[in-house]
Amino acid sequence: IELPFNCLDDIWRGKGIDRRYDPAFLVPQIVTGLGDIFTEDGNTESTTAFVQFAQRLCDRGALSLTLASLCSISGSLRKAAFAALYLFHRAIDSKAGKSHATWRDRPQLRMLLNSIQRGSVFRNGLLDPKKSETPKLHPPSALFLAKAAFILSKPGDPMYTVINKYFLKINQAHGAYHDMTRLPLFASLFCSHSQDSPYNERIFALKLLRDSFFDAGSFSMVTNCNAPDLLLTKLIQNRLDESERILILQALTCVLKLGDYYATRNLLARAGLLSFLCVLLANQGERPNSALLDFVKVSVEQGMKYTRNTDQDQLKQELINLLEPLMTLGINSQICDLFCLVVESLSKLDYTEFLSSCGISVCHSLTLLASSPKSVRLLKAVCSAPMKNEIIWEDQLQFCQTILQYMLRLGGFSEQFVFNRVYQLVADNRLSPQMGGKWSTILQLVLAGHTNAVTNCQQIYYKCIKALILQIPKDNNDNWRHLGARLLNQVEAKHEEK
């Protein structure tokens, strides 16, 4: 059989490079294979071969792949999928199919295809008749039908009874499939209290949502069944299986990341997602799963991408509130990366406050630096993050000494951030009592970075030296103080000459 359309020109967008499982390759092969055997002349032998071949294809998941292809953005692929469904339906509805004793799941597949056919006819009647485009299903609906075909062909599947009952209970329009604009069965499965397998039903609903959410167009189907609210409510339950928790987080991550503006506004602005995550992180203990941290990361990124100017103050406060619970989770590379993202986001929002009641402590700052001693990005983030306003001078001294040592070793244009943080700590009268010569060690380290500082951040460098000199008493007879004072006098003399 020759197809009047070309699916092989469509670009493969799946994961991986193995094109053997590309629907644009397989679906036309299914149509060709069935079409070459199919005959209208009533020949018994050819009809039996046609039915047997269709059964083998169904057993190997070809019908599921065909149904999933109905959500493709390619009109050619959807045409091929409808052609394949027609041939499958003819095989299932034929006399040879009905008398084929080994095809035990044929009645269920016939029920499924009839429901899809009637649902498509009903839906197409609501479309503009002037448009001749091949109908396209939403991804959640297409994937549900694909999973249903696979489950109905295996009576031993834990979800067989649920899916079979779902199609048997459809009464409207002679059993027409009607969940075209919402996530099928999600609310009833996710909130299931069935005595048979409620856990399996929840897992099925979560995997369906996670695997079928591809674009912003799917978001309306998700909100029609209140899926985001149900998932967030479930997350705060203490007695929640870890695998189920991970699936919930993965599903929410997909919704937020791929749902674009509408998902971000719905979850962040309406539901207060970042504030919710602060509470969730605080109750996680020292070993959070990576799925939760991925969800937090996507939430921050989407919040920065779609937040309006009028909402920036609220976003700033929510980001600051994230810092403290992050530090209680146990430092690892993923925590460090998330910390850097939050601080960089605050910088983009022009947040300049030095001290905050929700900032990070000196102890946590030093732990972060020790976890990634070669990361310039982390050094910049630690020196830019708001700090707790309960700093004692011993911690202050140790922190300044540590960040200066890291700066001298790493470089990487981190001088501006480090000298600015040292200046803030030294110049703030609330934090810096007169500690005699104890600041001399810090001044020595500052002067050691003279070469790069003069090139990259001259102004803040000299302000930092001046603040340190003021902290060291004149009668201390400190050599580093005299050296710093001489350097400042030379700079002032050059300015006067100019």
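**Exercise 1. The second largest pocket**

Work out how the residues lining the second largest pocket of this predicted model divide into nonpolar, polar and charged.

*Solution.*
- Step 1: Sort the lining by class, which gives six nonpolar, six polar and four charged residues.
- Step 2: Look at the space itself: the second largest pocket holds about 310 Å³.
- Step 3: Find the middle. Of the 16 lining residues, T161, V162, K165, Y166 and E201 are the closest to the centre of this pocket.
- Step 4: Ask which elements give two or more residues to the lining; they are α8 (160–168) and α9 (186–190). The most comes from α8, with four residues.

**Exercise 2. A space inside**

Find how many cavities of 30 Å³ or more the structure has, and describe the lining of the largest cavity.

*Solution.*
- Step 1: Search the whole structure, and one cavity of 30 Å³ or more turns up. The volume of the largest cavity is about 30 Å³.
- Step 2: List its lining: L70, F82, I116, S120, L137, L145, Y177 and M180.
- Step 3: Sort these residues as you did before. Seven are nonpolar, one is polar and none is charged.

**Exercise 3. One helix and its neighbours**

Take helix α14 (residues 260–270) and explain how its buried residues are arranged around the axis.

*Solution.*
- Step 1: Pick out the buried residues of α14, which are A263, T264, N266, L267 and L268.
- Step 2: Now look down the axis of α14. The buried residues fall within an arc of 165 degrees, so they line one face of the helix.
- Step 3: See what they pack against: α11 (219–224), α12 (227–235), α13 (242–258), α15 (273–282) and α16 (290–306).
- Step 4: Follow the chain onwards. Just after α14 comes G272, with a positive phi of about 65 degrees.

**Exercise 4. Cysteines without a bond**

Count the disulfides in the structure, then explain why C191 and C383 form none.

*Solution.*
- Step 1: Recall the bond in question. A disulfide is a covalent bond between the sulfur atoms of two cysteines.
- Step 2: Search the whole structure for disulfides; the count is zero.
- Step 3: Check C191. Its closest cysteine sulfur is in C225, 9.6 Å away, and that is too far for a bond. A pair would have to lie within 2.5 Å.
- Step 4: Check C383 in the same way. Here the closest cysteine sulfur belongs to C400, at 9.2 Å, again too far for a bond.
- Step 5: Add the surroundings. C191 is partly exposed, at 37% relative accessibility, whereas C383 is buried, with a relative accessible area of 2%.

Terms used:
Residues numbered from 1 in each chain as written. Predicted model: local features only at pLDDT ≥ 70, side-chain atom pairs only at ≥ 80, totals over all residues. Heavy atoms only, no water. 1 Å grid on protein atoms, 1.4 Å probe; cavity = no way out; pocket = protein on both sides within 12 Å on 5 of 7 lines; lining within 4 Å. Points joined across faces, edges and corners; volume = space filled by probe spheres on them. Nonpolar A, V, L, I, M, F, W, Y, C, P; charged D, E, K, R; others polar. Buried < 20%, exposed > 50% of the residue type's maximum accessible area, 1.4 Å probe, protein only. Arc of directions from axis to C-beta. Contact = heavy atoms within 4.5 Å.
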